[in-house]
Amino acid sequence: MDQQEIEAFWADARVRAGLNPAHALTGPTTSESMPPPAWSFGADPDQADRLLQLVLDGTKTATASAEWDYKVEGEALPTPGDLSIILDGAGHPRALIRTTEVSVVPFDQVDSDHAYAEGEGDRSLAGWREVHQQFFTQHAGHDRGFSADMPVVLERFKVLVTR
């Protein structure tokens, strides 16, 4: 991940997304000066590229993560309005997204609408559960293992800018 490349992407993306139309009158704000968090979907470069392509195609408009990972890493949960720069598998910025909805539900209560919005595989709830149980087991940042009632952070987002 090249910080200069991310800053250049952010400078362009915030203008293209119209994030501060009063910039000419008020000057840059602190939130404009600092890029939002930059991250990639998945656990490896191939997954990052595959999932990013679903975002760029408009198929993927949601994601899910283990709440326990946020707690172990000391990170705040996403909130509506949050911006994120999405990276490809090589760490290059490719999209700016805005979180639109966030909820936390037990794994076994994720519904078919969310599974469909994630855009992966056949987009079914059964497919989502299989893939995410495997992912949450293999790539956990916590030591609790997998549980059907583990809290899962469900996030919906809107793509603002792509490169």
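## Terms and model

Contact means that heavy atoms lie within 4.5 Å of one another. The structure described here is a predicted model. The UniProt record, an unreviewed entry, places the feature "domain: ASCH" at residues 39-161. This span is 33% helix and 29% strand, and its end C-alpha atoms lie 15 Å apart.

## The sheet and its edges

Five strands form an open sheet with mixed pairing, in the order β1-β3-β4-β5-β2. Strands β1 (38-39) and β2 (62-66) stand at the edges; each has a single partner strand, so one side of each is left without a neighbour in the sheet.

At one edge, β1 runs parallel to β3, and two bridges join them; Ala 38 has Ile 85 in β3 as its bridge partner. At the other edge, β2 runs antiparallel to β5 (residues 151-162), to which five bridges join it. Within this pairing, Thr 63 stands opposite Glu 155 in β5.

## Strand β3 and its hairpin

Which way do the residues of β3 point? Leu 83, Ile 85 and Leu 87 point one way, whereas Ser 84 and Ile 86 point the other way, and all are buried. The strand is thus described as mostly covered.

Strands β3 and β4 run antiparallel and are joined by five bridges, with Leu 87 opposite Pro 93 in β4. The two strands form a hairpin with five residues between them, and Gly 91 in the turn has a positive phi of about 90°.

## Helices on the sheet

Helix α1 (residues 3-16) lies across β1, β3 (83-87), β4 (93-106) and β5, and runs at about 80° to β4. Helix α7 (residues 125-138) also packs on the sheet, touching β2 and β5, and its direction makes about 40° with that of β2.

Key:
Residues are numbered from 1 along each chain as its sequence is written. This is a predicted model: local features need pLDDT of at least 70, side-chain atom pairs count only at pLDDT 80 or more; totals for chains, interfaces and linings use all residues. Side-chain values use heavy atoms; hydrogens and water are left out. UniProt positions are given in the numbering used here, feature names are shortened, and annotations may be inferred rather than shown by experiment. Helices (H or I, at least four residues) and strands (E, at least two) are DSSP runs, numbered from the N terminus. Two strands pair if DSSP finds at least two bridges between them. Axes are lines fitted to C-alpha atoms, for helices over the stretch in contact, and angles run from 0 to 180 degrees between N-to-C directions. Buried means under 20% relative accessible area, exposed over 50%, partly exposed in between (1.4 Å probe, protein chains only).
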